[in-house]
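Me: I have a model open and would like to learn how to read it feature by feature. Could you walk me through it?

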Amino acid sequence: MESGASVKQRIARISAHLNPPAISQVEGSCGLRTGNCRAKGGSPGFKVAILGAAGGIGQPLAMLMKMNPLVSVLHLYDVVNTPGVTADISHMDTGAVVRGFLGKEQLEDALIGMDLVIIPAGVPRKPGMTRDDLFNINAGIVKTLCEGISKCCPKAIVNLISNPVNSTVPIAAEVFKKAGIYDPRKLLGVTMLDVVRANTFVAEVLGLDPREVDVPVVGGHAGATILPLLSQVKPPCSFTVEETEHLTSRIQNGGTEVVEAKAGAGSATLSMAYAAVKFADACLRGLRGDAGVVECAFVSSQVTELPFFATRVRLGRNGIEEIYPLGPLNEYERAGLEKAKKELAGSIEKGISFATK
Ligand SMILES: NC(=O)c1ccc[n+]([C@@H]2O[C@H](COP(=O)([O-])OP(=O)(O)OC[C@H]3O[C@@H](n4cnc5c(N)ncnc54)[C@H](O)[C@@H]3O)[C@@H](O)[C@H]2O)c1
Ligand SMILES: O=C(O)C[C@H](O)C(=O)O
């Protein structure tokens, strides 16, 4: 029979799990919420925070990151609902220890010691809106979150998902510059969903398995700034003019296709969580020192005259180790590039002036 004291301790431990108070305050170093725990905590690996973890992207992203063997600690931060999401995900029998953080008073605790911070916080589009229509709300959210990163994990790799990415990445860069911690190798706007869509749509046209297809998508992450380089598809192939126009348009409008299909209930969340995890996993493999990790991302760049541009980048122990040039473009792509740069210039400038005003 157990003594009264140990029964009491067990009951306290169970009730702490079922009814967590301010969740970040109750965990011991072993990753459980009370003392007396025997669990060793997670496997060796990286510490990852998701900001906006209770949202449409945040929840499946949190689930998939909990399944990633490279993650040892997973911090879930949002301004709502993180206790429920954290309790739910923490029951998955994978290695990562999950901790939840709720509200801005817990932002710093969520960020301390992180190796990688993924940001899907902010409002999504409704039909009829452009990504730029989200600027007024999301710019301020991204700014505040990046101020927290500057203070608590200035060396972390940042994967920025919140739209409009073409402006939020320049905002983040300015916040980091102001704090004196800006390392352009560590700030990456996530354009992986454009690549994921391009691989899928091109595979459909070619009759291939999408996993065998690799389409570089450069420029930015909105409308005409999304520029698939169909002349550089792997495996090498060719397209008719009609196929090129159809594919380019479908890839550029993939986000709008989902926004319209969801009819007011938000934008891409599940495919985005998949893309975000694919990209985050590449960043973590780079951090681990794996060779040859190459993905497209919207980054500080000298590939064009613009200060930010999406191209293929090689990821390593310090974040971006190498930025690849555009490679040979055909006439259709050269015209697309000029159009993309024009739109991109305005979005970048808008972000910079917001953050520096
Ligand atoms: N880069 C891409 O390819 C891509 C793809 C899809 C969506 N997005 C963008 O991602 C963002 C999120 O989309 P969603 O569908 O998950 O939206 P959502 O509304 O479902 O979730 C957003 C979450 O952010 C949280 N949030 C709001 N303010 C916050 C703050 N200050 N700190 C922390 N969390 C905060 C909300 O509480 C919510 O849980 C949108 O801006 C959307 O446009 C980008
Ligand atoms: O389209 C959106 O608003 C969300 C996202 O940028 C996407 O490409 O799906």
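**Reading the model, feature by feature**

Reply: Gladly! Keep in mind that this is a predicted model. A good place to begin is the ligand shells: helix α9 (residues 254-262) gives the most to the shell around ligand 2, with 4 residues.

Me: Which residues are around ligand 2?

Reply: Around ligand 2 you will find Pro124, Arg125, Arg131, Asn163, Leu193, His221, Gly254, Gly255, Val258, Val259, Ser267 and Ala268. Sorted by class, this shell has 5 nonpolar, 5 polar and 2 charged residues.

Me: And ligand 1: which residues come nearest to it?

Reply: Gly52, Gly55, Gly56, Ala121 and Asn163 come nearest, out of 33 residues around ligand 1. By class, the shell of ligand 1 has 18 nonpolar, 13 polar and 2 charged residues. Helix α5 (residues 135-152) supplies the largest share of that shell, 4 residues. You may have spotted Asn163 among the residues around ligand 2 and also among those that come nearest to ligand 1.

Me: Let me step back to the whole chain. How many helices and strands are there?

Reply: The chain has 11 helices and 11 strands. It is built of 357 residues, and 47% of them count as buried. For the contacts with a separation of 6 or more, 68% come from residues 24 or more positions apart.

Me: What does the UniProt record list for residues 191-354?

Reply: An unreviewed UniProt entry lists that span as "domain: Lactate/malate dehydrogenase C-terminal". In the model, residues 191-354 are 48% helix and 17% strand, and the end C-alpha atoms of the span lie 22 Å apart.

Me: How should I read two helices that pack together?

Reply: The general idea is that a packed pair is described by the angle between the two axes and the distance between those axes. Here, helix α2 (residues 58-66) packs against helix α10 (residues 270-288) at an angle of about 40 degrees, and their axes are 8 Å apart. The crossing of α2 past α10 is right-handed.

Me: Which residues make the contact between α2 and α10?

Reply: On the α2 side they are Pro60, Leu61, Leu64 and Met65, and α10 brings Leu270, Ala273, Ala276, Val277 and Ala280. By class, the contact has 9 nonpolar residues, with no polar and no charged ones.

Me: Now burial. Is Val169 buried or exposed?

Reply: Val169 counts as buried because it has 31 C-beta neighbours inside 10 Å, where 20 or more make a residue buried. Its place is in helix α6 (residues 165-179). Leaving out residues up to four places away in sequence, Val169 touches Leu160, Leu187, Gly189, Phe298 and Phe308. For a longer span, take Val169 and Glu260: they are 91 residues apart along the chain, and their C-alpha atoms are separated by 26 Å.

Me: Why does Arg288 count as partly exposed?

Reply: Arg288 falls in that class because it has 13 C-beta neighbours inside 10 Å. You will find Arg288 in helix α10. Between Arg288 and Asn318, 30 residues apart in sequence, the C-alpha to C-alpha separation is 9.9 Å.

Me: What about backbone geometry? What should I expect as a rule?

Reply: As a rule, most residues other than glycine have a negative phi, and most peptide bonds are trans. That makes a few places here worth opening in your viewer. Asn81 is not a glycine, yet its phi is positive, about 65 degrees. Asn81 is in the loop between β2 (71-78) and α3 (82-90), and it counts as partly exposed because it has 16 C-beta neighbours inside 10 Å.

Me: Where does Ala263 lie?

Reply: Ala263 lies in the loop between α9 and α10. Its phi is positive too, near 50 degrees, in a residue other than glycine. Ala263 is exposed, because 9 other C-beta atoms are within 10 Å.

Me: And which residues does a cis peptide bond join?

Reply: One cis peptide bond joins Asn163 and Pro164, with omega about -5 degrees. Pro164 is in the loop between β5 (157-160) and α6. Another cis bond joins Lys234 and Pro235, with omega about 0 degrees. Pro235 lies in the loop between β8 (226-228) and α8 (241-252).

Conventions: Residues numbered from 1 in each chain as written. Chains lettered and ligands numbered in written order. Predicted model: local features only at pLDDT ≥ 70, side-chain atom pairs only at ≥ 80, totals over all residues. Axes fitted to C-alpha atoms, helices over the stretch in contact; angles between N-to-C directions. Helix = DSSP H or I, 4+ residues; strand = E, 2+ residues; numbered from the N terminus. Left-handed = near helix turned anticlockwise from the far one by under 90°. Contact = placed C-beta atoms within 7 Å. Nonpolar A, V, L, I, M, F, W, Y, C, P; charged D, E, K, R; others polar. Near = placed C-beta within 6 Å. Buried ≥ 20, exposed ≤ 12 C-beta atoms within 10 Å, placed from the backbone. UniProt positions renumbered as here; feature names shortened; annotations may be inferred.
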